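Colleague: I should like to learn how to read aromatic rings, helices and cores in a model. May we go through them in turn?

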Amino acid sequence: MKGKRSNAWLYFFGALGGVLYGYDTGVISGAILFMKDELGLNAFTEGLVVSAILIGAIFGSGLSGRLTDRFGRRRAIMSAAVLYCIGGLGTALAPSTEYMVVFRIVLGLAVGCSTTIVPLYLSELAPKESRGALSSLNQLMITIGILVSYLINYAFSDAGAWRWMLGLALIPSIGLLIGIFFMPESPRWLLTKGKEKKARRVLSKMRGGERVDQEVKEIKEAEKQDQGGLKELLEPWVRPALIAGVGLAFLQQFIGTNTIIYYAPKTFTNVGFEDSAAILGTVGIGTVNVLMTLVAIRFIDRIGRKPLLLFGNAGMVISLIVLSFTNLFFGNTAGAAWTTVICLGVFIVVFAVSWGPIVWVMLPELFPLHVRGIGTGVSTLMLHAGNLIVTLSFPVLMEAMGISYLFLCYAAIGIAAFLFVFFKVTETKGKSLEEIEQDLRDKHGGITGTDTQPIER
């Protein structure tokens, strides 16, 4: 029992970066309503402040893959924690729009690093039979961070204290920085660096001494077959994993999820709610998000990744179509306003049990060991690029097209995502990371080094 409790704390601190990602991306939805006058924001600079974190996240994701493969998962998370501290303090004290944008980019660098490394780190620590649930802790922490940011926004909304809204991110930032000192390094990364004794100690602690020899053997066999780097990532046998990873990451954003996270208050005010009521409505969305992520953690290793993704697509598409037609035919009526609330709630429910946690679980699962860092990094980079495009385009498109036609476009993307999952994504439930890699080699003719023939077994 003591060992299990110890492991629980390890997984908690490993996933704590998700709280910061959720908080720093969610808090801006309320803070932006109150910082306009003090910083003199116009439509362009408002969009820049919101999206600056995503600009930094793109660079952070691009850099973090190679850094984590070279210096280790633990050191990379520690670097992200330092950036979170700097960015949180800087945004809270920013005297002008320029400083706000700069420190939001710093936060973005931290977000890019943590969203690449934390899922990878949790995936490599977790045993295969519960890897989906434990890796989903990252998404649970993200949803908790978003919910906390909404609660903080509501608590400070009467005073308009947006600096406190932003500055309170320092608390989990410091917690992550302290907690990561007590975390072990990934045993898989240790073995790639020839540190077998340390890897065995970590595995023994995480597994209670069970299956350590077998797991070390599997990791070593996978390591011998890999050649690592960008060249390996682009080889034909790895390409299906790269397509699946990039596709899942990009589509997760283009379904329209973060328009709800970032612009939920704006969406609610558009259909007739007052500012305070709109912010309170986002608290409800955040609460549903957390609760349904807990449901996903319970079932992800039972039902599987692919069935849940397909179910999520169907539910999101239906809710978006109903939302679109309701607002199209009933306009700014009380019925349309409450239908909007219900439809967005349904969207969040099905997203939280499917695309929310599963994409973060699958990204590090898909790639072979020596390209896991760079593969996850490239996929996460595309995730943040998609997020940036959607975030920047949403206000403009909503003004040009109206909420009804815009959400109908997101529904069409949801249908495309359904087809992509059906044809391009394979199930990873119940398999070790090494077994997933071997399946990839078997199906697509994986090769070793410069050999031109499939590996013989």
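Colleague: Is Tyr-21 buried or exposed?

Modeller: This model is predicted, and the values discussed here are computed from it. Tyr-21 has 5% relative accessibility; the limit for a buried residue is under 20%, so Tyr-21 counts as buried. By the same limit, Trp-360 counts as buried because its relative accessibility is 2%.

Colleague: How many aromatic pairs does a search of the whole structure find, and what describes such a pair?

Modeller: A pair of aromatic rings is described by the distance of the centres and the angle of the planes. In this structure, the search finds 6 aromatic pairs. One of them joins Tyr-21 and Trp-360: the ring centres are 6.2 Å apart and the planes stand at 80 degrees, so the pair is edge-to-face. An angle over 60 degrees is what that term requires.

Colleague: Which parts of the chain does this pair link?

Modeller: The pair links distant parts: Tyr-21 belongs to helix 1 (residues 2-26) and Trp-360 to helix 19 (residues 355-366), with the two positions 339 residues apart in numbering.

Colleague: How are the rings of Phe-156 and Trp-164 arranged?

Modeller: Phe-156 and Trp-164 form a stacked pair, with 5 degrees between the planes and 6.4 Å from centre to centre. Phe-156 is partly exposed, at a relative accessible area of 24%, whereas Trp-164 is exposed, at 56%.

Colleague: Which residue lies over the face of Phe-422?

Modeller: Lys-306 lies there, at 5.8 Å from the ring centre of Phe-422.

Colleague: How many residues of helix 19 are buried?

Modeller: Helix 19 is mostly covered, with 12 of its 12 residues buried. Among them are Trp-355, Pro-357, Trp-360 and Glu-365. From first C-alpha to last, helix 19 reaches 16 Å, close to the 16 Å expected at 1.5 Å a residue.

Colleague: Which residues touch the most other members of the largest nonpolar core?

Modeller: In soluble globular proteins, nonpolar side chains tend to be buried together. Here the largest nonpolar core has 105 residues, and Tyr-11, Tyr-84, Leu-248 and Trp-355 touch the most other members. Helix 5 (residues 97-125) gives the most to this core, with 9 residues. Another core, of 19 residues, lies apart from it and includes Val-27, Met-35, Val-49 and Ala-94.

Colleague: With what is Trp-355 in contact, leaving aside its neighbours within four places in sequence?

Modeller: The contacts of Trp-355 beyond those neighbours include Leu-248, Leu-251, Ile-255, Met-316 and Val-421, and also Gln-252 and Asn-313.

Methods. Residues are numbered from 1 along each chain as its sequence is written. This is a predicted model: local features need pLDDT of at least 70, side-chain atom pairs count only at pLDDT 80 or more; totals for chains, interfaces and linings use all residues. Side-chain values use heavy atoms; hydrogens and water are left out. Rings of Phe, Tyr and Trp (its six-membered ring) pair if their centres lie within 6.5 Å; planes under 30 degrees apart count as stacked, over 60 as edge-to-face and the rest as tilted. Helices (H or I, at least four residues) and strands (E, at least two) are DSSP runs, numbered from the N terminus. Buried means under 20% relative accessible area, exposed over 50%, partly exposed in between (1.4 Å probe, protein chains only). A charge sits over a ring if NZ of Lys or CZ of Arg is within 6 Å of the ring centre and within 35 degrees of the ring normal. A nonpolar core is a set of buried Ala, Val, Leu, Ile, Met, Phe, Trp, Tyr and Cys residues joined through side-chain atoms within 4.5 Å. Contact means heavy atoms within 4.5 Å. The expected span of a helix is 1.5 Å times one less than its number of residues.
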